[in-house]
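Here is a friendly walk through one protein chain, meant to be read with the model open beside you. We will look at charged pairs, then strands, then pockets.

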Amino acid sequence: MITVLQALFIVLVTRSFLFQPFNIPSGSMEPTLLVGDDLFVSKFSYGFGRYSLPFSPPLFSGRVLAAWPDRGDIVVFRRGADDFIKRLIGRPGDRIQLVDGVIFINGTPVERHRIADFVGRDPCRPAPPIACPFE
């Protein structure tokens, strides 16, 4: 019984203060992160807030040991019951605009470099049927 309690304590501390697992639910981050990918998120990189704790108790406001994220970081944030995993393009105080498909940060267009074509599932077409090995 003691071993089970110790394991539960270790898992609770790890998920609350160190790392938390997430699964990528949509293709919005392709080709960097694919649907179904699993990842561990560092919870101490940007400090701790009330949402860092299980059940989000209102013990304090703001962040403890806060640090600012950098542009290009992949961040996880919560809105209601949903978790969102996105790449950060702006920081507080930045002015972000999308003009004719070009992203502007503080009036400066973001440079885009073509790397390669992403070959993946076309989101506008249904997925092909999966062949059943038992037929």
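A residue is called buried when its relative accessible area is under 20%, exposed when that area is over 50%, and partly exposed in between. With that scale in hand, arginine 71 counts as partly exposed, because its relative accessibility is 43%. Please keep in mind that this is a predicted model.

**Charged pairs**

Side chains of opposite charge can pair when their charged atoms come close. How many salt bridges does a search of the whole structure find? The search finds two.

Arginine 71 takes part in one of them, where its side chain meets that of aspartate 94 at 2.4 Å, N to O. This pair links distant parts of the chain: arginine 71 sits in the loop between strand 2 and strand 3, aspartate 94 in the loop between strand 4 and strand 5, and the two are 23 residues apart. Aspartate 94 has a relative accessible area of 23%, so it is partly exposed.

In the other salt bridge, the side chains of aspartate 70 and arginine 91 meet at 3.9 Å, N to O. Here too the pair links distant parts of the chain, with aspartate 70 in the loop between strand 2 (38–42) and strand 3 (74–79), and arginine 91 in the loop between strand 4 (82–87) and strand 5, 21 residues apart. Aspartate 70 counts as partly exposed because its relative accessible area is 45%. Arginine 91, at 30%, is partly exposed as well.

**A residue on the other side of the cut-off**

Is glutamine 20 buried or exposed? Glutamine 20 lies in strand 1, and its relative accessible area is 13%, so it is buried. Setting aside neighbours within four places in sequence, glutamine 20 is in contact with Arg15, Leu39, Phe40, Val41 and Lys43.

**Strands and hairpins**

Strands of a sheet pair through backbone hydrogen bonds, either parallel or antiparallel. Strand 3 and strand 4 pair in the antiparallel sense, over six bridges. Within this pairing, phenylalanine 77 of one strand faces phenylalanine 84 in strand 4. The two strands form a hairpin with two residues between them, and glycine 80 in the turn has a positive phi of about 65°.

Further along, strand 5 (residues 96–99) and strand 6 (residues 102–105) also pair in the antiparallel sense, over four bridges. Glutamine 97 stands opposite phenylalanine 104 in strand 6, while leucine 98 has isoleucine 103 of strand 6 as its bridge partner. The hairpin of strand 5 and strand 6 has two residues between the strands, and aspartate 100 takes a positive phi near 50° there.

Which strands make up the open sheet with the order 5-6-7? Strand 5, strand 6 and strand 7 form it, and their pairing is antiparallel. Strand 5 and strand 7 (108–109) are the edge strands, each pairing on one side only.

**Pockets**

The table sets out the two pockets by volume and by the classes of their lining residues.

| Pocket | Volume | Lining by class |
|---|---|---|
| Largest pocket | about 1,000 Å³ | 18 nonpolar, eight polar, eight charged residues |
| Second largest pocket | about 710 Å³ | ten nonpolar, four polar, seven charged residues |

The largest pocket has a volume of about 1,000 Å³. Of its 34 lining residues, Tyr46, Arg63, Val75, Val76 and Phe77 are the closest to the centre. Helix 1 (2–18), strand 1 (19–23), strand 2, strand 3 and strand 4 are the elements that give two or more residues to this lining. Which element gives the most to the lining of the largest pocket? Strand 3 does, with five residues. Phe77, the residue opposite phenylalanine 84, is thus worth finding on your screen when you look into this pocket.

The second largest pocket is lined by 21 residues, and those nearest its centre are Arg87, Ile89, Ile103, Val110 and Arg112. Strand 4 and strand 6 each supply at least two residues of the lining, and strand 6 gives the most, with three residues. Ile103 also appears above as the bridge partner of leucine 98.

Conventions
Residues are numbered from 1 along each chain as its sequence is written. This is a predicted model: local features need pLDDT of at least 70, side-chain atom pairs count only at pLDDT 80 or more; totals for chains, interfaces and linings use all residues. Side-chain values use heavy atoms; hydrogens and water are left out. Two strands pair if DSSP finds at least two bridges between them. A salt bridge is a side-chain nitrogen of Lys or Arg within 4 Å of a carboxyl oxygen of Asp or Glu. Buried means under 20% relative accessible area, exposed over 50%, partly exposed in between (1.4 Å probe, protein chains only). On a 1 Å grid over the protein atoms alone, a cavity is a set of points where a 1.4 Å probe fits but cannot get out, and a pocket is an open set with protein on both sides within 12 Å along at least five of seven lines; lining residues have an atom within 4 Å of a point. Grid points are joined across faces, edges and corners, and a volume is the space filled by probe spheres set on the points. Ala, Val, Leu, Ile, Met, Phe, Trp, Tyr, Cys and Pro count as nonpolar, Asp, Glu, Lys and Arg as charged, and the others, Gly among them, as polar. Contact means heavy atoms within 4.5 Å.
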